[in-house]
Structures are given as structure tokens and as C-alpha cells.
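Q: I should like to learn how to read a structure of this kind, one feature at a time. Where would you have me begin?

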Amino acid sequence: MAQGRKLPVSLAELRIDTVLRCGQSFRWRQLDDEWFTHRHCVLKGRLVSLKQDTSHLYYNVTWPSKPPTTSSKSQSTVKTEPCRDEDDVRLLQSYFALSHSLSAMYELWTASDTNFAKRAPAFAGIRILNQDAWETLVSFICSSNNNISRISQMVHKLCLHYGPYISTVQGELFHDFPTPEALTGPKVESHLRELGFGYRAKYIAETARIITEERPLGWLDSLRNPECPALGAIKQEESDEKTATSPTYAAAQEALLGLSGVGPKVADCVCLMGLGWAEAVPVDTHVWQIAQRDYNFGKGAKTKTMNKATYDAVGLHFRKIWGPQAGWAQSVLFTANLKSFAAQASAAKLAVKEEVAKVEEGLVKVEEGLVKVEDEVIKVEDEDKAIRAVSVARAAKRKVKLEDSAVPKLEGGGETTLVRRSKRKKASG
DNA sequence: CAGGGACCTCGTCT
DNA sequence: AAGACGAGGTCCC
């Protein structure tokens, strides 16, 4: 692959080596040429190839050799390179939701949640992808009682058998994700069973049928968060005098529950990653585990099994702690909790310990197992506090203006064991 | 109406 | 080595 073009992105905002493997998207494949590792995926009819260094995202886009619109003879000349590049940049900014400032969110969550402050340093740059809603829906129908590896295989089979061919890289075939129409038909369920989908075959076939036959065109995208429009979305505010009520997260989740194989968890995954509802918190076994282990959820013996009421209570609980972007915070802790990232977690934890031991002149000092942040001294054994203190100190060092941040302040649901920046002299309040 | 079981398949663990 | 267990749950009774 050629060098391609590049987009300035810091590792604090995005780390594709983590984000593309943490169970949000299941179609990215890593291929190594003699120069570098690239990750490839078909998005919106074109093959997107990516690599990243500390300052940039390098991208290359390959369209099918035979364009979808064969009738247009002036196809190749109409689109000049700058136009096409603008289009590609828009795609990447949309897919990675780059308009959201992840570092600002991390700072808020670090300041308000000790557990987040503890885990986050090892898992920077984890953000929620803004994916196609239909793909997200089908992918997470596949996810029930399943693991990331097999979900990826299943999604790949869907593309291979039902999606349009786009390109080949190093002998690997790349197809786009199939449309609902392509997955509608009498033979789909039995075929998917043969392909090893198990009981999910029925759910996929049934949901595809409902979408194509029982819902109006564009129904799924009509559930989107208006503040987070899809890539090629038609602006609906101009269409009519707001005849349709503005969609809400609750309404979107409710609507999705009417599909086959879609319970509250899958619905929330689609809301969060496919429809732009950042407050959606998908509660799976991992998040349930995190809620109990790290957030003392269900302290009484009242909640032994997961039912809808408990499910909703967990989401509410996390929204209280993390605020309106709770789903984004959840993805960080979810990833940190994945077994496949255990090595990264422990390695980074070591690195953080070394970081704590390192002297950051002025704000943080280490003396004989003690971390000194301004006037407050913390024992290094108190890992949570020490790591948190360093985070807070760095934030202060960067002169981050939390008060002026566009992200709304969190409600005071979390523990208020904030590291007091004691005796910090505020000039004029 | 809540709650326990069944459900496909496939690694891993014992 | 055969059987249990769990993997980003949902449906059904």
C-alpha cells in the first residue's frame, strides 16, 4: 500500500489498535506488508486501510474497480482528487466520531470517579465508533452467548455470502456488509445455520424480514440521535414542520426491542454504537461484573439475577456517575476488563507505577514511597490515590479548563474522595 | 409478572 | 479423554 494521506490525531483521542479490536466492530482485519501493519475494512462501499503513529492516522481508500454506478460514463473524471479526499476525511471523522473530545471526557471521568482514574491510564484513546446502524444491529444479534472471535467469523461469513465484493488485499477478499434486503428470503435461515450461526440464524433472518417488510424505508436511521447524524444523512429538519416527534434514547431502545433477537443489551449496543446515543450503557456480563466488583452495585442480596429492572438500574447508576456520555466511559472499563487485553492492562499498570515513581517536577514528587502532589502527600501503596493524583496533577499542568469544557458537568453521584488540591491559591476566586 | 431453562457452537479447562 | 463451562443474551413458558 502506498503511503496514503494523513489526518492529525493524537493517541489520547484515538488508538485504533485497541478500538478496532475491543468488540465494537467485527470486520477490521489486520494485514502486514513488508513495511507496516495495516488494518482494513470496507466502509460505505469502499475499502479503507489504516495505520497510525503518535501524531497521525494514515489512510488509503480503494473503490471497487467497477463502480456501482456503471451508467455514469463520466464517473472517473467527475470526482477530482480533492473532492474525493474531502469525502474520505468526512467518512473517517464520522466513523471515529472525532468531533467528540475524548481527552476532555477522560479528564472529567478521572476527576469524578476513582475507579475510572485507576483503569484509564492503561487504556487511553478508547472511543465509541459511529457505525452503520444496520450492521451494528446484526453484529450484536450475533453476539449473544458468543465470543468476539466467533462473532467476527460470523460477520465475515455474512459479508462473504451476502455482501457485495469490493476489493482484494494480499489474497484476502473484502466484501461490504449485506443490506437487509440481501438477508431477507426463505433460504436465509437454513443457510445461516449451515454456516454455523446456530439459533441466531433465525433472529437475523426474522429481523431482516421485519426491517424490509414491516418498517418504512429509513426506519432504523430515523431512531438516530439528531445531534449525531449519519454520514450521508438528509437533514430532516428541512423536510417538514416537525411532524415526526424528535427521537429519544428511550424511544429508540424501545423500538429496537420489537425486533427478533434484540433484548435490552443488544438494543443498547445499537443505540450507542449505531445510533449515536452516548448515554446508552449496554449491560453485559462484563459490565455487570464491573458494577458489582468496582462500584459496589447490588450491595444487598436483593439483586441475584439480571432482570429488566436490574438492567435499567445499572444503566441509571452509571449515568449518574459518568453523566450523559456514560456509554463512552463504559467502553473504556469494558475494554480494560476484557481478557484479551489483560496483558495490556498489566503491562500498562506497571508503566503507570513507574510513572508514579517518576518525578514530575513542580506538581508531583516522589520521596521514599510517597507521592507528593502540591502540598498533599500520598503513600504509593495506596495505588488508586497515587495514580489518580498523578492524573489530576497532569491535568492541572496542562492547564485544562474543566469549567469551560463543552461537556456538561457530572452530577455528584460518585464518591467525593477527590484529591484536595489543598491550599491552592485561587487568584480572585 | 417474574424467574428459571433452553438454545447453537466452539474453545478452554479439569 | 469425555464432560462442564462460559462466551459482550434472548425467547419462551
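A: Let us begin with a pair of strands in this predicted model. Strand β2 and strand β3 (residues 37-43) run antiparallel and are joined by 4 bridges. The two form a hairpin, with 4 residues between them.

Q: Which residue of β3 is the bridge partner of Q30?

A: Strands of a sheet pair through backbone hydrogen bonds, either parallel or antiparallel. Here, the partner of Q30 in β3 is R39.

Q: Which residues of β2 lie on the covered face, and which on the uncovered one?

A: In a regular strand the side chains alternate between the two faces of the sheet. In β2, R29 and L31 make up the covered face, whereas Q30 and D32 make up the uncovered one.

Q: What is the order of the strands in the open sheet?

A: The sheet has 5 strands in the order β1-β5-β4-β3-β2, and the pairing is antiparallel. β1 (5-8) and β2 (29-32) stand at the edges with a single partner strand each, so one side of each has no neighbour in the sheet. On average, neighbouring strands of this sheet are turned by 30 degrees against each other, direction ignored.

Q: How many bridges link β4 and β5?

A: Strand β4 (residues 46-52) pairs with strand β5 (residues 56-62) over 6 bridges, in the antiparallel sense. Within this part of the sheet, K51 stands opposite Y58 of β5.

Q: Is S167 buried or exposed?

A: The test is relative accessible area, with under 20% counting as buried. S167 has 11% relative accessibility and therefore counts as buried. This residue is placed in strand β6 (residues 165-169). Apart from neighbours within four places in sequence, S167 is in contact with L47, T62, E172, L173 and F174.

Q: How should one describe chain A as a whole?

A: Chain A contains 16 helices and 10 strands. Of its 429 residues, 45% count as buried. The chain exposes about 22400 Å², of which carbon and sulfur atoms supply 53%. One may also ask how far apart in sequence the contacting residues are. Among contacts between residues at least 6 apart in sequence, 68% join residues at least 24 apart.

Q: Which residues surround DNA strand B?

A: They are N145, R150, R193, G196, G198, Y199, R200, T305 and N307. The next step is to ask which part of the nucleic acid the protein approaches. For DNA strand B, 57% of the atoms within 4 Å of the protein belong to sugar or phosphate, and the rest to bases. Individual atom pairs add detail. A polar side-chain atom of R150 lies 3.1 Å from a base oxygen of DNA strand B, while one of R193 lies 3.0 Å from a phosphate oxygen of that strand. From Y199, a polar backbone atom is 3.1 Å from a sugar or linking oxygen of DNA strand B.

Q: How many residues surround DNA strand C?

A: There are 26, and the closest are C22, G23, N145, G263 and F334. Of the atoms of DNA strand C within 4 Å of the protein, sugar or phosphate accounts for 56% and bases for the rest. A backbone N or O atom of Q24 lies 3.5 Å from a base oxygen of DNA strand C. For I148, a backbone N or O atom is 3.2 Å from a phosphate oxygen of DNA strand C.

Q: Which helix gives the most to the surface near DNA strand C?

A: Helix α11 does, with 5 residues. Both α11 (264-274) and α12 (285-295) supply at least two residues of that surface.

Methods: Residues numbered from 1 in each chain as written. Chains lettered and ligands numbered in written order. Predicted model: local features only at pLDDT ≥ 70, side-chain atom pairs only at ≥ 80, totals over all residues. Heavy atoms only, no water. Buried < 20%, exposed > 50% of the residue type's maximum accessible area, 1.4 Å probe, protein only. Contact = heavy atoms within 4.5 Å. Areas by Shrake-Rupley, 256 points an atom, 1.4 Å probe, with all protein chains shown as cover. Pairing = 2+ DSSP bridges. Axes fitted to C-alpha atoms, helices over the stretch in contact; angles between N-to-C directions. Near = heavy atom within 4 Å. Polar contact = N/O pair within 3.5 Å; in protein donor to acceptor, adjacent residues only side chain to side chain.
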